[in-house]
Amino acid sequence: MEQKYLITEDQLEQFEHYKRMFELNAELIQDLCSSERDYVVYGFELGKIHSQLRNCFTEMMELESKIRNQTIDIIE
């Protein structure tokens, strides 16, 4: 049996936020690779990107858990 999930407007906005964050990080990585910089700068920028992506991942896991654990009866 296929499970159905309902998400709130707020949860949908969170997904859209993560979509924008992933795109932003992709652009940051592309910009970082397109110019030559000191290793310290590369390390600092990559550390920031890693931190942002880790936060997005953790928040997305929490959001997924909330959606999966909801109990809503859907009448068809």
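Which residues make up the largest nonpolar core of the chain? In this predicted model, that core consists of Tyr18, Met21, Cys56, Leu63 and Ile67, 5 residues in all. Two elements, α1 (9-33) and α2 (39-69), each give two or more residues to the core, and the largest share, 3 residues, comes from α2. Within this group, Cys56 can be followed one step further: once its neighbours within four places in sequence are left aside, Cys56 is in contact with Tyr18, Met21 and Phe22.

The overall form of the chain gives the setting for this core. The chain has 2 helices and 0 strands, and it is more spread out than a compact globule, because its radius of gyration is 18 Å, well over the 11 Å that the globule rule gives for 76 residues. Taken along the principal axes, the box that the C-alpha atoms fill is roughly 60 × 25 × 15 Å. Of the contacts between residues at least 6 apart in sequence, 73% join residues that are at least 24 apart.

Turning to the surface, buried residues account for 12% of the 76 residues in the chain, while the accessible surface comes to about 6600 Å², with 55% of that area belonging to carbon and sulfur atoms. As for charge, the chain carries 8 positive and 16 negative side chains, and the centres of these two sets lie 2 Å apart.

Note on methods: Residues are numbered from 1 along each chain as its sequence is written. This is a predicted model: local features need pLDDT of at least 70, side-chain atom pairs count only at pLDDT 80 or more; totals for chains, interfaces and linings use all residues. Side-chain values use heavy atoms; hydrogens and water are left out. Helices (H or I, at least four residues) and strands (E, at least two) are DSSP runs, numbered from the N terminus. The radius of gyration is taken over C-alpha atoms; the globule rule is 2.2 Å times the number of residues to the power 0.38. Buried means under 20% relative accessible area, exposed over 50%, partly exposed in between (1.4 Å probe, protein chains only). Contact means heavy atoms within 4.5 Å. Accessible areas come from the Shrake-Rupley method with a 1.4 Å probe; for residues, only the protein chains shown count as cover. Lys and Arg count as positive and Asp and Glu as negative; His and the chain ends are not counted. The place of a charge is taken as NZ of Lys, CZ of Arg, CG of Asp or CD of Glu. A nonpolar core is a set of buried Ala, Val, Leu, Ile, Met, Phe, Trp, Tyr and Cys residues joined through side-chain atoms within 4.5 Å.
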